[in-house]
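I opened this model today to look up its pockets, its sheet and any enclosed space, and I am writing down what I found in the order in which I looked.

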Amino acid sequence: MIEHTFKSIWLQSYRSKFGHRLLAVLLGFCTLFVLSYVTTNVGRHPRFAHPVTCPATLRTWMSSNTRLPKLHVLLLSYPRSGSSFLGDLLQSYSGAFYHFEPLHYFGNIVAHNQLDTARKLLHDLFTCDYRDWGSFPEWAWFNSDFLTFRRNKRYWQMCTHKDSTRMLCYNICFLAVACRNSPVQIIKTIRMTASEAGKMMEEYKDLNLKVIHLVRDPRGTMNSRQQKDIAAWCGKYKACSSSQTFCRLVDEDLKHACQLQKRYPNRYTVLRYEDLALDPPQVTEKLFKFLDIGPVPTEVIQFLETHTQGTAHGSTNSFLQPPYRTVRNSTQAALEWCKKMKLKDIQKVQRSCHVVLNKLGYKLVNNTDIGAEDVIGEASDFCMSP
């Protein structure tokens with residue numbers, strides 16, 4: 001019957017001088033309907049074994065205190081400020097399990113009415129409890145270009161080795177088991193303020209939470225955001241594209257960071273990206289001391305040797321596009337803006353960000369023939385700065 005109806009419409013359209021237009025409209029409508037159906041039902045009818053499938057005994061085990069992680073590390077930063085490199089450095093520790101940008105689940109920006117839920121998600125990820133988050137791995141599957149799980153290198157190698165289809169990687173049961181086998185949990189995000197991190201420290205007493213607040217010279221950050229692939233999405237958000245708006249947010253974060261450092265002196269630290277890039281071994285040693293992990297493990301030392309002194313050729317993260325790779329000469333990366341930015345653009349950022357530059361110990365410049373000693377001063381106590 002459907003076939004007969006379609007043939008009738010076709011014949012009528014063919015005979016009509018406007019038939020081709022009618023067919024074009026019908027085909028366009030059908031295309032829009034199919035696209036609408038796919039996008040609205042993407043979470044309801046996944047193309048893979050449902051990620052919530054998990055034996056009842058293991059779901060109960062997820063709610064228990066069995067083999068809970070002993071340390072929870074929140075890496076807090078901003079777009080194009082070196083957080084992916086630091087995240088990879090921390091996850092190179094063999095006892096770490098890494099969640100890469102899980103708050104992307106809420107969108108590029110976490111809305112005000114989502115903040116409580118966002119903190120709850122991070123808490124549950126820290127404790128390897130995925131029972132209330134069956135939609136999270138589904139979202140990660142359908143947005144695989146966000147690399148939510150793939151950036152966890154050790155986990156991704158393990159799950160893809162067991163299942164070449166990669167479906168197992170998104171199963172909450174498999175995730176929970178792998179997660180709880182790691183004593184250190186690391187979450188990296190550019191979508192949380194220092195104020196929200198402070199709320200997490202106050203609300204969730206069951207976490208042994210330590211926060212690494214990574215900052216970078218705003219001139220370097222804004223220069224990195226001008227890269228073509230980055231500017232395409234960064235330009236849509238004023239907090240990303242405007243140095244004035246960005247530095248206002250950083251300054252507000254630093255005010256909260258001062259309070260948190262005083263309240264939790266052994267649990268909240270602010271780190272300059274340039275210090276890490278210019279002296280990776282020493283700063284890494286300080287970081288691991290802050291985290292109470294002990295001496296820097298051999299595998300972390302090896303990571304530093306392969307990720308801070310060369311190029312990305314043949315690197316283990318070569319599946320990433322160049323702007324997102326973390327294998328590079330770290331010193332050159334930290335000071336790249338000195339050579340690439342025009343003086344007028346540097347001065348524009350300096351006018352917008354002079355307060356933040358002063359607080360974090362960065363020097364103002366009036367020419368482009370400069371080196372590290374000309375732009376990076378001693379890390380000062382930014383809490384004492386006006």
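Entry 1, the second largest pocket. I am working from a predicted model, and in it I find that the second largest pocket has a volume of about 660 Å³. I count 24 residues in its lining, and I note that I190, R191, T193, A239 and L249 are the ones that lie nearest the centre of the pocket. When I sorted the lining by class, I got 13 nonpolar, six polar and five charged residues.

I then asked which helices each supply at least two residues of this lining. They include α9 (194-203), α12 (238-241) and α13 (243-263), and of the contributions to this lining I find that α13 gives the most, with five residues.

Entry 2, from the helix to the sheet. Following α13 away from the pocket, I see that this helix lies across β4 and β5, and that it runs at about 135° to β5. Strand β4 covers residues 209-215 and pairs with β5 in the parallel sense over five bridges; as one position to look at, I marked H213, whose bridge partner in β5 is V270.

Is β5 largely enclosed or left open by the rest of the structure? Four of the five residues of this strand, which spans 268-272, are buried, so I record β5 as largely enclosed by the rest of the structure.

Entry 3, the whole sheet. I traced five strands in an open sheet, in the order β2-β3-β1-β4-β5, with parallel pairing. The edge strands are β2 (96-100) and β5, each of which pairs on one side only, and the twist from one strand to the next averages 20°. I reminded myself that strands of a sheet pair through backbone hydrogen bonds, either parallel or antiparallel.

Further along the sheet, I looked at β1 (residues 71-76) and β3 (residues 184-189), which run parallel and are joined by six bridges. There I noted L76, whose bridge partner in β3 is T189.

Entry 4, enclosed space. How many cavities of 30 Å³ or more does the model hold? I find one cavity of that size, and the volume of the largest cavity is about 40 Å³. Its lining is made up of V73, L90, Y93, V184, I186, F288, L291 and I293, and by class I count eight nonpolar residues there, with no polar and no charged ones.

Notes: Residues numbered from 1 in each chain as written. Predicted model: local features only at pLDDT ≥ 70, side-chain atom pairs only at ≥ 80, totals over all residues. Heavy atoms only, no water. 1 Å grid on protein atoms, 1.4 Å probe; cavity = no way out; pocket = protein on both sides within 12 Å on 5 of 7 lines; lining within 4 Å. Points joined across faces, edges and corners; volume = space filled by probe spheres on them. Nonpolar A, V, L, I, M, F, W, Y, C, P; charged D, E, K, R; others polar. Buried < 20%, exposed > 50% of the residue type's maximum accessible area, 1.4 Å probe, protein only. Pairing = 2+ DSSP bridges. Axes fitted to C-alpha atoms, helices over the stretch in contact; angles between N-to-C directions. Contact = heavy atoms within 4.5 Å.
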